Amino acid sequence: MKIGLLEPLRVTDDLLEELVQPLKDAGHEFVSYDEKAKDEEELYERSKDLDIVIIANRPYPASVIERLDQTKYIDVAFTGVNHVGMDAANKKDIVVSNASGYANRSVPELSLALTLGLYRHLVTLDQETRATDEDLPLIQGQEIAGKTVGIIGTGKLGIATAKLFKAFGAKLIGYSRTEKDEAKELGLTYHSLEKVMAESDIISIHLAQTKETEGLISKEQIARMKKSAILINVARGPIVDNDALAEALNEEKIAGAGIDVYDQEPPLPADYPLLKAKNTLLTPHVGFLTDEAMVKRARIAFENVEAFLDGEPQNVMSES
């Protein structure tokens, strides 16, 4: 079969060659590209003769998939597949897998980092320290210990995040469609979404984006938050009503927000509400992006390919 990696996986050439060699030894052809395709037409040209396509987080739309005649498998080296034309893939009986699990450490650590950044005013203190040699008005921060942390979504990422906050001495409560024994063993108590929003000092979101979760953290839910509470979103942007979040921040109805994900991928337009919202700490969708996570991601992606070639595809996604 002809296998193509359509965008870089952010790993060393040596590791990539290590992962590719078993495929070559088995007689498969492999091609890769050092840069992302400039547009959909180039993406199609790279894909049209491939049996197996490997992508990461670059959009792979229905308009490309609908034109593919050769492709049997799309291997997504990413957790979410919202950037893939899943309906088109399903109609053409193309199997799609993701790389679930590679960011199970990196994303929770960013949630904690955003919390610490807000609680200790790190960006402001850094800027003020660099800006003057005069006495500075020191900003008093807060500690995580003793705070109530609400985990929205207690899958692997949510539980990993709960473990980090527990290590800092926080009390854990949570909301999830399915209650997990592992979460309960950590001391997490499940409640309704409304109660978690109302009682948490720190809210950390770890849900997948589905039709059911889009807009779940609505204006009404944000209005339930304490004035002293902060909201962290390292999951998916459309889960939160970001216009309502920006409004709550600017009106000082909540204390802060740490956001890594948005309604669209950065760069964000100049008029995007959160860019000018008070007491926000924004990062450009990098929760998954650590050296260690990139190695894990690449290994999972190539394990997916080998599993598909063996007739036992793994990490198969059935819907967007």
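The paragraphs below go through a predicted model, taking one helix, its salt bridges, the pockets and two single residues in turn.

Helix α7 is a convenient place to start. The helix covers residues 156-167. Its length can be checked with simple arithmetic: at 1.5 Å a residue, the twelve residues of α7 should span 16 Å, and the C-alpha atoms at its ends are 17 Å apart, so the two values agree. Part of this helix is hidden from the surroundings. Gly158, Ile159, Ala160, Thr161, Ala162 and Phe165 are the buried residues named in α7. What lies over them? The cover of these buried residues includes the helices α5 (106-119) and α8, together with the strands β6 (148-152), β7 (171-175) and β9 (202-205). Just after the helix comes Gly169, whose phi angle is positive, at about 90 degrees.

Not every residue of α7 is buried. Lys163 has a relative accessibility of 41%, and because buried means under 20% and exposed means over 50%, Lys163 counts as partly exposed. The side chain of Lys163 forms a salt bridge with Glu182, and the closest N and O atoms of the pair are 3.2 Å apart. Glu182 belongs to helix α8 (residues 181-185) while Lys163 belongs to α7, so this salt bridge ties together parts of the chain that are 19 residues apart in sequence. Glu182 is itself partly exposed, with a relative accessible area of 40%.

This pair is one of 16 salt bridges found in a search of the whole structure. Another one joins Glu199 and Lys195, with an N to O distance of 3.9 Å. How are these two residues placed relative to each other? Both are in helix α9 (residues 193-199), and because they are four residues apart there, about one helical turn separates them. An α-helix has 3.6 residues a turn, so residues three or four places apart point the same way. Glu199 is partly exposed at 34% relative accessibility, and Lys195 is partly exposed at 36%.

A third example is the salt bridge between Glu251 and Lys253, where the closest N and O atoms are 2.9 Å apart. Glu251 has a relative accessibility of 45% and counts as partly exposed. Lys253 is also partly exposed, with a relative accessible area of 49%. Salt bridges can also share partners, as they do for Lys38, Glu42 and Arg46, which are joined into one network.

The next topic is the pockets. The largest pocket holds about 1200 Å³ of space. It is lined by 41 residues, and those closest to its centre are Thr79, His206, Leu207, Ala208 and Gln209. Which helix gives the most to this lining? Helix α7 does, with three residues. Sorted by class, the lining of the largest pocket has 14 nonpolar, 20 polar and seven charged residues.

The second largest pocket has a volume of about 600 Å³. Its lining consists of 28 residues, and Asn57, Phe78, His83, Glu265 and His285 lie nearest its centre. In this lining there are 13 nonpolar, eight polar and seven charged residues.

Two single residues show how parts of the chain that are separated in sequence can meet in space. Tyr73 is located in strand β4 (residues 73-76). Is Tyr73 buried or exposed? Its relative accessibility is 0%, so Tyr73 counts as buried. Leaving out neighbours within four places in sequence, Tyr73 is in contact with residues from several stretches of the chain, among them Asp51, Ile52 and Val53, then Ile94, Val95 and Ser97, and further along Asn304, Val305, Phe308 and Gln314. For one of these contacts the separation can be given in both ways: Tyr73 and Phe308 are 235 residues apart in sequence, while their C-alpha atoms are 7.9 Å apart in space.

Ala62 is the second case. This residue is part of helix α3 (residues 62-65). Ala62 is partly exposed, since its relative accessible area is 25% and the limit for buried is under 20%. What does Ala62 touch, apart from residues up to four places away in sequence? Its contacts are Gly85 and Ala88. The C-alpha atoms of Ala62 and Gly85 are separated by 4.2 Å, although the two residues are 23 residues apart along the chain.

Methods. Residues numbered from 1 in each chain as written. Predicted model: local features only at pLDDT ≥ 70, side-chain atom pairs only at ≥ 80, totals over all residues. Heavy atoms only, no water. Helix = DSSP H or I, 4+ residues; strand = E, 2+ residues; numbered from the N terminus. Buried < 20%, exposed > 50% of the residue type's maximum accessible area, 1.4 Å probe, protein only. Contact = heavy atoms within 4.5 Å. 1 Å grid on protein atoms, 1.4 Å probe; cavity = no way out; pocket = protein on both sides within 12 Å on 5 of 7 lines; lining within 4 Å. Points joined across faces, edges and corners; volume = space filled by probe spheres on them. Nonpolar A, V, L, I, M, F, W, Y, C, P; charged D, E, K, R; others polar. Salt bridge = Lys/Arg side-chain N within 4 Å of Asp/Glu carboxyl O. Expected span 1.5 Å × (residues − 1).
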